[in-house]
Amino acid sequence: MSRNLVIKVNDNLIPEGRWPATCTDVEFVDDHATPWSDTPVDMVRLTFDVVTDDGTVTAQRMFTRKLSERAHLRKAIDAWRGHPLTDAEAQRGEVDLAEFVGAPASVSITHNKKGDRIYSDIDEILPRNAS
């Protein structure tokens, strides 16, 4: 399973590159089955409206619901906010992910091939003004 959800497949791929986006939803997914854990894992799904040359499309990315220093969610939040969480903020869980709904971002889209299919994935989330 990809850490990203399928955005578009093959003919309808979102073009690779960095695109302006807005976070439209943060969903907590409890007890999600994953190929890397024998037990279900709590996840977070971030949903974005991504503005491309062809119009606006919806893209999503899933993260394990952890804020440890090596966690992908924490790295994404640090990059998106433009400054890192402190260890104290992360330990206290002081990040209200719901506050990201409506927040502007810049998302990097990459293409990944799995078998005979190609998927568009959100590879990186940055502040909107990031170049």
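Is Arg18 buried, partly exposed or exposed, and what is its relative accessible area? In this predicted model, Arg18 is partly exposed, with a relative accessible area of 34%. The arginine makes a good starting point for a walk through the charged pairs, but a view of the whole chain helps to set the scene.

The protein chain contains 2 helices and 5 strands. Followed along the sequence, these elements are arranged in the pattern β-β-β-α-α-β-β. Of the 131 residues in the protein chain, 39% are buried. The chain exposes about 7500 Å² of surface, and carbon and sulfur atoms supply 45% of that area. Contacts across the sequence are well represented too: among those between residues at least 6 apart, 54% join residues at least 24 apart.

With that overview in place, attention can turn to strand E2. This strand spans residues 41-52 and is mostly covered, with 9 of its 12 residues buried. Its partner E3, made up of residues 55-64, pairs with E2 in the antiparallel sense over 10 bridges. The two strands form a hairpin, and 2 residues lie between them. Within this pairing, Leu46 of the hairpin stands opposite Arg61 in E3.

The salt bridges come next, and the model holds 4 of them. One of these joins the side chains of Glu124 and Arg18, with an N to O distance of 3.4 Å. This pair links distant parts of the chain, since Glu124 belongs to strand E5 (residues 117-126) and Arg18 to strand E1 (residues 17-32), 106 residues apart. How accessible are the two partners? Glu124 counts as partly exposed at 31% relative accessibility, and Arg18 is likewise partly exposed, at 34%.

A second salt bridge brings together the side chains of Glu27 and Arg45, at 2.6 Å from N to O. Glu27 lies in strand E1 and Arg45 in strand E2, so the pair ties together parts that are 18 residues apart in sequence. Here the accessibility of the partners falls into two classes. Glu27 is partly exposed, with a relative accessible area of 34%, whereas Arg45 is buried, with a value of 17%. The cut-off for burial is under 20% relative accessible area, which is why Arg45 is placed in that class.

Another of the salt bridges is formed by the side chains of Glu89 and Arg81, where the N to O distance is 3.7 Å. Glu89 is partly exposed, with a relative accessible area of 21%, and Arg81 counts as partly exposed at 28%.

Helix H1 offers a charged residue of another kind. This helix covers residues 72-81 and includes Asp78. Which side chain of opposite charge is nearest to Asp78, and how far away is it? The nearest is that of Arg74, 4.1 Å away. A salt bridge requires a distance within 4 Å, so the separation of 4.1 Å leaves Asp78 without one. Asp78 is nevertheless buried. Leaving aside residues up to four places away in sequence, Asp78 touches His83, Pro84 and Leu85.

Terms used: Residues numbered from 1 in each chain as written. Predicted model: local features only at pLDDT ≥ 70, side-chain atom pairs only at ≥ 80, totals over all residues. Heavy atoms only, no water. Helix = DSSP H or I, 4+ residues; strand = E, 2+ residues; numbered from the N terminus. Buried < 20%, exposed > 50% of the residue type's maximum accessible area, 1.4 Å probe, protein only. Contact = heavy atoms within 4.5 Å. Areas by Shrake-Rupley, 256 points an atom, 1.4 Å probe, with all protein chains shown as cover. Pairing = 2+ DSSP bridges. Lys, Arg positive; Asp, Glu negative; His and termini not counted.
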